[in-house]
Every structure is written in C-alpha cells, then in structure tokens.
Amino acid sequence: MGRTGAGHVTVHPGGEPCPCGSRGCLQAYASLPAILGDEPAPPGTTPDVAVTGRAETGDPATLAALDGAGTTLGLALAGTLNILDIDTVLLGGSFSLLSSWLTTNIRAEIDRRVLGAAWAPITIRPALLGPDAAVIGAALTSIDRVRQHPATWLARPSRSRHASPVSPVSSALEF
C-alpha cells in the first residue's frame, strides 16, 4: 500500500509502526494483516477467509483484534464524518465480510465522537458487492469502453496469429 489513502490516517500518534514509515496509521490496527497478527493465513487460504473462520470459531486473539479494528475504524470514520455530511458508511472490501464483528465498535465510536450522531443517525452497513467490488468495477469500466467505442476495438490489430473472433473484447480487459 502506498503513502496515500484512509489506511494512513493516524489513529494512535506514536503507535504501532506502519510500512509507510509513519506510526499509528489505521492500517497498523485495522488491516487484515493486523487482525491476523503473528499467525498468518494458512497456505491456500485468503486472509479474509482465515479471519472469518477464526472469528466464527471464537478465537480469542482474532476477536480481540476485530474489536480493536472496529474501534480504530470508528475513530477514523468519526473524524471524516465530522467534516463531511455523510449519512451512510459502507464497509467495503474484506470489511464487508467482517462487518458483523466490526459494526458494534464502529457504531460506539461514531456515536461518541460525531457531533450530529444523536439527532441524525448514521447508517453503517456492508457494501453489497463485498471484496469483489473493485474487480467488478474494473471489468465493467473496460466493457463500457468497448461498448461506447466498438469500432476502435474492432480496428485493433490482433496480438496473435491465432486470435479468436472475440479478441477485441478480450484485449479491452488487458491493462
């Protein structure tokens, strides 16, 4: 992850070191590697599946890490919500799968720290597309480019002597 993005909002000044070189970044407390801790996902298992499995079996370390992640996510979101007029928080990516363990602590921090939360409640819910949202969006963007300008894609030379009839559409997905 680069030096930009919500993962690098400071939630604990002087806290845990972050790969970006700073300390106390949200990523150091609320990312999948942070939640997994010293026990990485088993080979062949994605980190989100590993965290979900451990949480479902009641693993104390995972549940404590999820509590901490929910609290720090709530802290970071509260700062954003105090600046912007937003009424709904969508937990996207892997957080959508973990929302049942994160939402209580996120809600507690928002209710405690967002000035207008008492009279204008903020909805917190998982994003519908879950962890595949970015891939689905990228695919739809590529398909939309072909749909808007089909002649451009059909006129492209084939990259292979054995190109299939649908190669212009396939090449649209290659970035």
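**Close-ups of a predicted model**

Arginine 113 comes out as partly exposed, with a relative accessible area of 39%. That residue turns up again in the first view below. Everything shown here is from a predicted model.

**View 1. Glu109, Arg112 and Arg113 are joined in a network of salt bridges.** Start with the pair glutamate 109 and arginine 112, where the side chains meet with an N to O distance of 2.4 Å. Then look at glutamate 109 with arginine 113: this is a salt bridge too, and its closest N and O atoms sit 2.5 Å apart. Why can glutamate 109 and arginine 112 be about one helical turn apart? Because they are three residues apart in helix α6. Glutamate 109 and arginine 113 are also separated by about one helical turn, because they are four residues apart in that helix, α6. The general rule is that an α-helix has 3.6 residues a turn, so residues three or four places apart point the same way. Side chains of opposite charge can pair when their charged atoms come close. Now for accessibility: is glutamate 109 buried or exposed? At a relative accessible area of 7%, glutamate 109 is buried, since the cut-off for that is under 20%. Arginine 112, at 56%, counts as exposed, while arginine 113 is partly exposed at 39%.

**View 2. Aspartate 144 and arginine 147 form a salt bridge within helix α7.** The N to O distance between these two side chains is 2.7 Å. Helix α7 covers residues 133–148, and the two partners lie three residues apart in it, about one turn of the helix. How accessible is aspartate 144? Its relative accessibility is 28%, so aspartate 144 counts as partly exposed. Arginine 147 is exposed, with a relative accessible area of 58%. For the whole tally, the salt bridge count comes to five.

**View 3. Cysteines 18, 20 and 25 bring up the disulfide question.** How many disulfides does a search of the whole structure find? Zero. Take cysteine 20: the closest cysteine sulfur to its own is in cysteine 18, at 3.7 Å, which is too far for a bond because a disulfide needs the sulfur atoms within 2.5 Å. For cysteine 25, the closest cysteine sulfur belongs to cysteine 20, and the 3.8 Å between them is again too far for a bond. Cysteine 20 is buried, with a relative accessible area of 13%. Cysteine 25 is buried as well, with a value of 1%.

**View 4. The largest pocket holds about 410 Å³ of space.** Its lining is made of 19 residues, and those nearest the centre are Ala6, Gly7, Leu26, Leu73 and Phe95. Which elements give two or more residues to this lining? They are α1 (27–30), α4, β1 (88–91) and α5. The largest share, four residues, comes from α4. If you're thinking about chemistry, the lining has twelve nonpolar residues, seven polar ones and no charged ones.

**View 5. The second largest pocket has a volume of about 200 Å³.** Here 14 residues make up the lining, with Leu81, Asp85, Ile86, Val114 and Gly116 nearest the centre of the pocket. By class, the lining splits into ten nonpolar, two polar and two charged residues.

**View 6. Helix α3 (residues 47–56) has a set of buried residues.** The buried ones are Asp48, Ala50, Val51, Thr52, Arg54 and Ala55. What do they pack against? Their partners are α2 (32–36), α4 (60–83), α5 (94–97) and α6 (99–113). Just past the end of α3, glycine 58 has a positive phi of about 80 degrees.

**View 7. Serine 96 sits in helix α5.** Its relative accessibility is 9%, so serine 96 counts as buried. Which residues does serine 96 contact, leaving aside neighbours within four places in sequence? Those contacts are Leu91, Pro126, Ala127, Gly130 and Pro131.

Note on methods:
Residues are numbered from 1 along each chain as its sequence is written. This is a predicted model: local features need pLDDT of at least 70, side-chain atom pairs count only at pLDDT 80 or more; totals for chains, interfaces and linings use all residues. Side-chain values use heavy atoms; hydrogens and water are left out. Buried means under 20% relative accessible area, exposed over 50%, partly exposed in between (1.4 Å probe, protein chains only). Contact means heavy atoms within 4.5 Å. On a 1 Å grid over the protein atoms alone, a cavity is a set of points where a 1.4 Å probe fits but cannot get out, and a pocket is an open set with protein on both sides within 12 Å along at least five of seven lines; lining residues have an atom within 4 Å of a point. Grid points are joined across faces, edges and corners, and a volume is the space filled by probe spheres set on the points. Ala, Val, Leu, Ile, Met, Phe, Trp, Tyr, Cys and Pro count as nonpolar, Asp, Glu, Lys and Arg as charged, and the others, Gly among them, as polar. A salt bridge is a side-chain nitrogen of Lys or Arg within 4 Å of a carboxyl oxygen of Asp or Glu.
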